[in-house]
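Open the model in your viewer and keep the sequence panel beside it. The stops below can be selected one after another.

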Amino acid sequence: MHGEYKVPGGKLVVVDLEARDGVLADVRVAGDFFLEPDEAILAIDRALEGAPVDTDASGLAARIDAALPPGTEMYGLTTEGIGVAVRRALAHATDWTDYDWQLIHEPPHSPALHMALDEVLTAEVASGRRPPTLRVWEWGAPAVVIGSFQSLRNEVDPEAAERHGIEVVRRISGGGAMFIEPGNTITYSLSVPDALVQGLSFTDSYAYLDDWVLGALADMGVKAWYQPLNDIATEAGKIAGAAQKRVAAGSGAVLHHVTMAYDIDADKMTEVLRIGREKLSDKGTKSAKKRVDPLRRQTGLPREAVIERMIASFRDRYGLTEGRVTEEESARAKELAATKFSTPEWTARVP
């Protein structure tokens, strides 16, 4: 069995092993990380030998921690990351490069249609009728997108939203509200087979699916990192929030979508969103305006150039071919936008 895992912000860990009589055997850990002293790598292999195959990543990390020589130094490597690589080997997880990725980047759509496209395309990936897909959104109207389980009245000031012509829609994933203005926001979705995140905890899957964009931002001079559970942050502030939805149909798939602040009208945002004191205190700041730092300021690049560089970075890493929403997918998404995502019953399902 073979498993690979890139430690967020670190290096690649590769594990080859066998499972015999319910325990790990013939374990070999490798990768492009740095480790001192040399004998530490042998200690890691020995620590994993004989571990029950149902040991979780934290349990495997504890075995390694107990076996490491005094003074061991790791660079680009964590014992938890080794544990994750083992779990991925046992789960027969796939890798990004195992797939032929498709890009969808179409003209602007309404907020409700974007919600529907996420649901339809991810279901198609789960069924095997569509390859793993990176979809970059263009917004046809300003919007507030609330999480699947958020209270509408607690999150949005309806009078302010109406005054500014902002549509309120609810997505199928959890997480918090996103304030959207066309031209000021960069949003993308990853619709991926469940096999890509096998062996990862829910938290680890966020970091794993966000890693490519951290590299893209670094290439643009932005030092960013994953901040659990679902933020991408910089020293200047938060720049993005992610959310996920699991689809159980077919072979299973994961929808992972991210909204990034390219520019932002902070005054308008705080008028429309009811951002409570508890939420702000949890983020360690007194002002909602200080929570988000737009990419325009940090990159100095036009929005279109940021998107182009992000797409190019993904293509360089994993390959990416131009694609489109099929006629059948489009028809189902339009029907879903009308019958679900544009209805008060769905939008106010949590009043």
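Start with the sheet of three strands whose order is E9-E8-E10; this sheet is open and its pairing is mixed. The model is a predicted one. Select residues 167-170 for strand E9 and 178-180 for strand E10: these are the edge strands, each pairing on one side only. From one strand to the next, the twist averages 20°.

Now add residues 143-146, which make up strand E8. E8 runs parallel to its partner E9, and four bridges join the two. To find the register, pick Ala 143 and look across to E9, where its bridge partner is Glu 167.

Which helix lies across E8 and E9? Select residues 111-127, helix H4: this helix lies over both strands and runs at about 15° to E9.

**The sheet E1-E2-E3**

Clear the selection and move to another open sheet of three strands, with the order E1-E2-E3 and antiparallel pairing. Strand E1 is residues 2-6 and strand E3 is residues 23-31; both stand at the edges with a single partner strand, so each has one side without a neighbour in the sheet. On average, neighbouring strands here are turned by 20° against each other, direction ignored.

Show residues 79-90 next. This is helix H3, which packs on the sheet and touches E1, E2 and E3. The direction of H3 makes about 50° with that of E2.

With H3 hidden again, select strand E2, residues 12-20, together with E1: five bridges hold this antiparallel pair. Two positions give the register. Gly 3 stands opposite Val 15 in E2, and Lys 6 stands opposite Leu 12 in E2. As you step along the strands, recall that in a regular strand the side chains alternate between the two faces of the sheet.

Follow the chain from E1 into E2. The hairpin has five residues between the strands, and Gly 9 takes a positive phi near 75° there.

On the other side, E2 and E3 are also antiparallel, with seven bridges between them. Arg 20 stands opposite Val 23 in E3. What is the phi of Asp 21 in the hairpin of E2 and E3? It is positive, near 55°, in a connection with two residues between the strands.

**The helix pair H1 and H2**

Two packed helices are described by the angle between their axes and the distance between the axes. Select residues 40-48 for helix H1 and residues 57-67 for helix H2; their axes come within 9 Å and cross at roughly 135°. Angles over 145 degrees would count as roughly antiparallel and those from 65 to 115 as roughly perpendicular, so H1 is oblique to H2. The crossing of H1 and H2 is right-handed.

Display side chains for the contact. H1 supplies Ala 43, Ile 44, Ala 47 and Leu 48, while H2 supplies Leu 60, Arg 63, Ile 64 and Ala 67. By class, this contact of H1 with H2 has seven nonpolar residues, no polar ones and one charged one.

**The whole chain**

Zoom out to finish. The protein chain has 13 helices and 16 strands. Its radius of gyration is 22 Å, close to the 20 Å that the globule rule gives for 351 residues, so the chain is as compact as a globular protein of that length. Along the principal axes, the C-alpha atoms fill a box of roughly 65 × 45 × 40 Å.

Terms used
Residues are numbered from 1 along each chain as its sequence is written. This is a predicted model: local features need pLDDT of at least 70, side-chain atom pairs count only at pLDDT 80 or more; totals for chains, interfaces and linings use all residues. Side-chain values use heavy atoms; hydrogens and water are left out. Two strands pair if DSSP finds at least two bridges between them. Axes are lines fitted to C-alpha atoms, for helices over the stretch in contact, and angles run from 0 to 180 degrees between N-to-C directions. Contact means heavy atoms within 4.5 Å. Angles under 35 degrees count as roughly parallel, over 145 as roughly antiparallel, 65 to 115 as roughly perpendicular and the rest as oblique. A crossing is left-handed if the near helix is turned anticlockwise from the far one by less than a right angle, and right-handed if clockwise. Ala, Val, Leu, Ile, Met, Phe, Trp, Tyr, Cys and Pro count as nonpolar, Asp, Glu, Lys and Arg as charged, and the others, Gly among them, as polar. The radius of gyration is taken over C-alpha atoms; the globule rule is 2.2 Å times the number of residues to the power 0.38.
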